Amino acid sequence: MNKRFVNIVLRHLLLAFLAFIWLIPIVWLLVTSFSAYTGINTSTFFPQEWSLQNYKNLLFSADSVAQFPNWFKNTFIVACCSCVISSAFVLMVAYATSCMRFKMRKPLMNMAVIMNLFPGFLSMIAVYFILRTLNLTNNHWGLVLVYSASSGLGYLIAKGFLDTVPVSLREAAYLDGASEAKIFWSVVLPMSQPIIVYTVISSFLAPWMDFIFAKMILNAGVSSQWTVAIGLFNMLDRSLINTYFTQFCAGGVLVSIPISVLFVIMQKFYVEGVTGGSVKG
Amino acid sequence: MDKVKGQTGSFFGAIGGFFKEFGTAVANGDIFVKLSLIWMGAGYCRRKQFIKSILITLFEIAVIAFTFGFAMDYVPKFATLGTVQQESVFNVVTMKNEFNDYDHSFMILLFSLISFVVWAIFAVVYLNNIINNYKLQKMEQEGKHIKTFKEDLISFLNEKFHITLLALPVSGVVAFTLVPLLVLILVAFTNYDQQHMPPSALFTWVGFRNFRDLFGNGGLTVTFGYAFVRVLAWTLVWAVFATFTTYIGGILLSILINDKKTKFPKMWRTLFIITIAVPQFVSLLLVKNFFGNSGIVNTFCANIGLTDWLRSMGLIGTSYIPFLSAPGWAHAMIILINVWVGVPYQMLIATGVLMNIPTEQLESARIDGATPRQIFWKITMPYMLFITGPALVTDFVKNINNFNVIYLLTANVFVTTNQAMANSQAKEVDLLVTWLYTLTQDYYNYKMASTIGIVVFIICAVFTLISFNRFIKGDREEAYR
Amino acid sequence: MKVKKLAALLLAGTMTLSLAACGNPEVANDTPASDAPAAEAPAQEAAESQEVQKAEAPAEKQDVSLRMWGAEEDQAMLQDMINSFEENYKDYANFDIQLGVESESTAKDTVLTDIEAAADVYALASDQLIDLVKAGALQPIDDMDGALQAYAGKSVADIKSANAEGSVAASTYDGKLYAFPMSADNGYFLFYDANVLSEEDVASWDSLLAKAGEAGKKVGMTFASGWYNASFFYGAGFTTDLNEDGSTSIDFNGSADCSGVEVVQAMLDIASNGAFAAVPDGDISNQIASGGLCAAVSGTWDATAAQDAFGDGYAATKLPTFNAGGKEIQQGSVAGYKLVAVNAYSQNAGWAALLADWITNEENQAIRFEKREIGPSNNNVAASDAVAANVAIAALAEQSAYGVVQNVGGNFWDPAATFGEMIAQGQIARDDEAAIQTALDTMVEGITAPIQ
């Protein structure tokens, strides 16, 4: 009994320690965003003077450098659209390759692996010119396409998950006369919540993270069109960093908020998915 | 390897069979099947499938329009990639430059390729169309029921559901991954570099010269071979460490959190997930400043005397700890920081997978008196590996091409002191991709970047195809059903 | 002469193309100078306007849409300049000018990705000019002579003579002018804290470091960048040059006023001094702001940071001398400029050139100095009292006597940065002359490597 108690205490201490390490940079981000000094503070962890000025500047007094509300709106729209498209694509490909058998299945899967091997940014310039031909540069739809069009290639994790869905369930549905589409929609999808959550999260995040593609496609230099990533990255320019570093941090914090909310909401589904899994098991 | 061979063999066999079928169809088909060679809707029209007939005719017209309205502007120039150099004269009255009708080599390359892809798709549809028509003819002769349009549509929700599912994702991949990749491959056979940049200059085909230059006469630069080997070695070391540290870390953390003995699992999970919520480029740039030569960690280490102690031990020769600015230190730090970045993700996946472990297996093992360790190694791990094995391979490949972490952590901070590396524009912490990025971004050497890209790809492809086929080959796919 | 040429040009133009914006042949007549738009720059000399003619307002105005890129910090000021431009030329065309953000230091990368989609007018740092010219991205300004004479009332020769010689040289390649000089401040010099260091102290590195050491402060300079560390070599008479094929020639491993080895030894002496801080490239602003330095080698972009950090002790001067081979040698520097270029693929190249000229003319260079303390390349503005009184720009002007235009190819930067970092970290022994020579040879080999 005593040993068990020690075990539990140690376990929580370890977790607390790990969480501490994982959170240090995040806390630094948070406290720096409240700093009154606008450059990089290299001497102390906590700012010497606290202030809300960074948030105020970022949210209410947009200048040509910091147009955060616009960026946020742009990125949010792009993220939502590409999230819907990519999640759908990933699940569609995963279902087709996991639950169905057809002639081109293996060749297609091998092709997908091969294509994942190429360093993507080398072909960036070709993607750019394709978009320009379609008149989609400096256009948020162009960005959505870039983030979601090829997302089917990332189907492997979802396929791995669907592989664990018992065949017997689908067979029962076949016997009831359900079509493939119906099975996909009302048998397999409801059981795949964890992987849907995972797919949604990862495809929602991409537009918030990417600045290389985004900068290339939104190349007209109109800063109100930018996404958060380009805008924030731009604040670290040599001539701007000393005035905007703390606003950069504040921007980072603000970006994390919707993503955190997404995670918190998704965690609820997560647990439901888990119970669903145990029922079916 | 044999399996791969066998597969390619059967693939080509299938193609051969396809053409044979087409031949039979043309030879034995009635007049309407033969007419379908010109008017693709003819056969369907005869069998009273009018909607299908209209659709396929529209498709045919669209492709013809594409060919003469677009493709023929570019494809004839594909052999030379253009011959008309851009020239302009300024007209002071209109205040405009007057350009000649110049060729843009890259556009010619790209659009020709797109045309080829479109034609390839058309060819497949065309051949299939004849075969289908012949089938319909036979069905009619045998008096079988020919499907109505509605029945055809329904089949796309049933036995042909995979076509419905895959159509959009595959066309997305073709347009935004396959075509750009083919462009990239073709560029390796041209002289597209700073001296030949469209639109002002033309580039053209040079055959295998770039590949010869890469490995012949001492390589791209005198130290090219030296740098290539080192960059490749670090790329592989990095990929192995980055993949396995985060993978194992994620599983362990997820087990730790999801154990029944852990209180508030949701809270712990949330704490770790917060780090994902901060966009990678923000957190990485932040961490870069955190560990900078004059960053806060260095200030802290100097204050507690760690820096002086390391100096006296002879471990560092500078007045700061070069966390991200000296080889060795930087290598270790990059891997550690990547653990910080990657473990929460992996934990999320592992949690999802672990929740779906067949509980009866765990129960029976427990009843049989297995220790937690045995359960972990005998049941949990094999299950995890089975489910995430393919993902592990993709992760590995992703890490080989992991641009963000290396670039964000070391750009502008890490200056190599190895002159041989510097003479090839490489750094000790460069992955092949970051090196390629420098070559294209700073030197506009697209031809060489593409050439190296292909070489890298071949290395990766051999490795991956073998392990991938191991992981998902054969009956294992059905093992846990 | 000029009038005739212009008339001929206009006539030729009307004959070949009958367009809406039909040029009026009567423009060749003696149009009085007073017809010039009222908002014309007051600085325009009377003598000049007697000579040149203004085009008359056309019957139908052209619709001209232009895009311009400028630095992030300049946006508000550039918008004002655009407004005054539109006002000035409102009789000739209807303008739709869009202003975008592109830092001068990254203009080349963005432009070369897709020249046809780049802005019509953009600002760039002078070291990017050659790459852009070779890619055919820049409109030769010489071709714009007619347009400038017709509408701005000046010739290309006037532009050349109005700006500092160095800035014109930096805008010229192969005898052709490719950009309008905008500012002459892209160089470096020494900021120092006059409360800690006296004028005599900052004259040489030896006394500078000695005094800083006594005060317990540091002197910062970036070594790991070929832009900064070449200053020692340039000071001692070494040279770099760009070849036709894009490769670089360099003589740092030979000898000039002293041997290359002796220059390296001098750099090693400085780097090994406890009062010296080798600052990573791009980190110097942050270092100045954080307060550990009493002097730093940097440029006008750090003037505000230095002012804040040094307070009333804020001062600036030319770079110090260094001791190499027993001689005191004045440290050189790289003279950089900022230019405004016209896209060769612009749909409205003529008006783009006029806009580029407008934002770099004397009046707007004066405004630029007034609002952003940017050192002018225009001779008249540079000679004004206000500019002379500016500490940083005065120091830059003082240093410019020792500055060179750094003509190097792409292969220069990495080997040079590595060499600087090796010195900064003290990886070469000061007394091992053979090792220093080998390191120099290796660097030169990398820099002079042919371009593949």
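**Notebook: domains, helix packing and odd backbone angles**

I began with chain B, where the centres of domain 1 and domain 2, taken over C-alpha atoms, are separated by 41 Å. This is a predicted model, so I read every value below as computed. The domain assignment of chain B sets domain 1 at 17-207 and domain 2 at 215-478. I then looked up who touches whom across the two: 10 residues from domain 1 of chain B and eight residues from domain 2 of chain B take part in the contact.

For chain A, I noted that the domain assignment gives domain 1 as 1-31 and domain 2 as 66-280. Their centres, again over C-alpha atoms, lie 32 Å apart.

**Helices of chain B**

Next I picked helix H17 of chain B, residues 403-410, and asked myself how many of its eight residues are buried. I found seven, and the helix is mostly covered. The buried ones in H17(B) are Phe403(B), Asn404(B), Val405(B), Ile406(B), Leu408(B), Leu409(B) and Thr410(B).

What do the buried residues of H17(B) pack against? I found partners in two chains: helix H11 (212-217) and helix H12 (228-235) of chain A, plus helix H9 (224-258), helix H11 (280-290), helix H14 (329-355) and helix H19 (432-443) of chain B.

H9(B) turned up there, and I followed it to another neighbour. I kept in mind that two packed helices are described by the angle between their axes and the distance between the axes. The axes of H9(B) and helix H10 (residues 265-277) of chain B come within 9 Å and cross at roughly 150 degrees. Angles over 145 degrees count as roughly antiparallel, so H9(B) is roughly antiparallel to H10(B). From H9(B), I listed Leu253(B), Ile257(B) and Asn258(B); from H10(B), Pro265(B), Trp268(B), Arg269(B) and Phe272(B). By type, the residues of this contact of H9(B) with H10(B) are five nonpolar, one polar and one charged.

**Chain C, overall and in one helix pair**

I moved on to chain C and counted 20 helices and 18 strands in its secondary structure. Of its 452 residues, 58% are buried. I also checked the contacts in chain C between residues at least 6 apart in sequence: 74% of them join residues at least 24 apart. The exposed area of chain C is about 16,700 Å², with 48% of it supplied by carbon and sulfur atoms.

The pair I chose here was helix H11 (residues 260-272) and helix H19 (residues 413-424), both of chain C. Their axes are 8 Å apart and the packing angle is about 50 degrees. That angle makes H11(C) oblique to H19(C). On the H11(C) side I found Val264(C), Met267(C), Leu268(C) and Ala271(C), meeting Phe419(C), Ile423(C) and Ala424(C) of H19(C). In this contact of H11(C) with H19(C), I found seven nonpolar residues, no polar ones and no charged ones. The spacing on the H11 side reminded me of a general point. An α-helix has 3.6 residues a turn, so residues three or four places apart point the same way.

I also looked at Asp269(C), which lies in helix H11 of chain C. With a relative accessible area of 34%, Asp269(C) is partly exposed. Its C-alpha atom is separated by 9.7 Å from that of Trp205(C), 64 residues away along the chain.

**Backbone oddities**

Then I went hunting for exceptions. Most residues other than glycine have a negative phi, and most peptide bonds are trans.

- Leu81(B) has a phi near 60 degrees, a positive value in a residue other than glycine. I placed Leu81(B) in the loop between helix H4 (50-74) and strand S1 (88-91) of chain B. Buried or exposed, I wondered about Leu81(B). Leu81(B) counts as buried because its relative accessibility is 0%.
- Asp174(C) is not a glycine, yet has a positive phi of about 55 degrees. I found Asp174(C) in the loop between strand S4 (172-173) and strand S5 (176-177) of chain C. Asp174(C) is exposed, at a relative accessible area of 70%.
- The peptide bond from Pro198(B) to Pro199(B) is cis, and its omega is near 5 degrees. Pro199(B) sits in the loop between helix H7 (161-187) and helix H8 (209-215) of chain B.

**Last stop: a loop in chain A**

I closed with Gln67(A), in the loop between helix H2 (53-60) and helix H3 (68-99) of chain A. Its relative accessibility is 16%, so Gln67(A) counts as buried. Setting aside neighbours within four places in sequence, I found Gln67(A) in contact with Ala62(A), Ser223(A) and Ser224(A).

Terms used. Residues numbered from 1 in each chain as written. Chains lettered and ligands numbered in written order. Predicted model: local features only at pLDDT ≥ 70, side-chain atom pairs only at ≥ 80, totals over all residues. Heavy atoms only, no water. Helix = DSSP H or I, 4+ residues; strand = E, 2+ residues; numbered from the N terminus. Buried < 20%, exposed > 50% of the residue type's maximum accessible area, 1.4 Å probe, protein only. Contact = heavy atoms within 4.5 Å. Axes fitted to C-alpha atoms, helices over the stretch in contact; angles between N-to-C directions. Parallel < 35°, antiparallel > 145°, perpendicular 65-115°, else oblique. Nonpolar A, V, L, I, M, F, W, Y, C, P; charged D, E, K, R; others polar. Domains from an automatic or database assignment. Areas by Shrake-Rupley, 256 points an atom, 1.4 Å probe, with all protein chains shown as cover.
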